[in-house]
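Okay, everyone, thanks for squeezing in. I'd like to walk through the charged pairs and the cysteines in this one, so let's get the picture up.

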Amino acid sequence: QVQLVESGGGLVQPGGSLRLSCAASGSINYMGWYRQAPGKQRELVAFISSRDNTYYADSVKGRFTISRDGAKNTVYLQMNILKPEDTAVYSCYADRNGVRFWGQGTQVTVSS
């Protein structure tokens with residue numbers, strides 16, 4: 001089992017920034033973030049591999065950056081130039097040997 005603990009969500013004005021963190025209780029192969037807004041399908045936002053290969057959804061490219069601290073088994077999602085349409089519950093996940101684990105989710109609200 002892998003335990004994931006997320007932090008960093010909150011309320012921010014349009015154009016602002018937030019950083020999400022997700023700490024895993026053990027080593028993993030991939031970590032990333034999904035988000036889901038009310039009435040919308042869940043969307044894969046970004047992920048990073050243990051070799052630092054990354055993926056970003058087109059909707060966040062150039063604004064979000066995913067990074068990791070391998071020693072701490074922690075992944076970060078730096079979100080800049082936030083827009084109201086980024087409002088969603090962001091959920092961290094981790095893949096280890098083909099098994100996926102999930103964090104508890106954190107709310108991000110972008111509003112003036």
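So, start at R63 and ask what it touches. Once you skip its neighbours within four places in sequence, R63 is in contact with Q78, M79, N80, I81, L82, K83 and D86. Keep in mind this is a predicted model. R63 itself is found in the loop between strand 6 (54-56) and strand 7 (64-69). Is R63 buried or exposed? At 8% relative accessibility it counts as buried, because the cut-off for buried is under 20%.

Now, the charges. Side chains of opposite charge can pair when their charged atoms come close. How many salt bridges does the structure hold? Six. I'll go through some of them.

Take R35, which is buried at 7% relative accessibility. One partner of R35 is D86, and the closest N and O atoms of that salt bridge are 2.9 Å apart. That pair links distant parts of the chain: R35 sits in strand 4 (residues 30-36), D86 in the loop between strand 8 (74-79) and strand 9 (88-96), and they are 51 residues apart. D86 counts as buried too, with a relative accessibility of 1%.

R35 also forms a salt bridge with E43, where the closest N and O atoms are 2.8 Å apart. E43, at 27% relative accessibility, counts as partly exposed.

Then there's D58 with K61: their side chains meet in a salt bridge, 3.1 Å from N to O. D58 is exposed, at 66% relative accessible area. And to tie the charges up: salt bridges that share partners join R35, E43, R63 and D86 into one network. So R63, where we came in, belongs to that network.

Okay, cysteines. How many disulfides does the structure hold? Just the one. Which residues does it join? C22 and C92, with the sulfurs 2.0 Å apart. The link is left-handed, with -80° about the S-S bond. C22 lies in strand 3 (residues 18-24) and C92 in strand 9, so the disulfide ties together parts that are 70 residues apart in sequence.

And are those cysteines buried or exposed? C22 counts as buried, at 0% relative accessibility. C92 counts as buried as well, also with 0%.

That's my tour, from R63 and its contacts, through the network with R35, E43 and D86, to the disulfide of C22 and C92. Happy to spin the model around for anyone who wants a look.

Key: Residues numbered from 1 in each chain as written. Predicted model: local features only at pLDDT ≥ 70, side-chain atom pairs only at ≥ 80, totals over all residues. Heavy atoms only, no water. Salt bridge = Lys/Arg side-chain N within 4 Å of Asp/Glu carboxyl O. Buried < 20%, exposed > 50% of the residue type's maximum accessible area, 1.4 Å probe, protein only. Helix = DSSP H or I, 4+ residues; strand = E, 2+ residues; numbered from the N terminus. Contact = heavy atoms within 4.5 Å. Disulfide = S-S within 2.5 Å.
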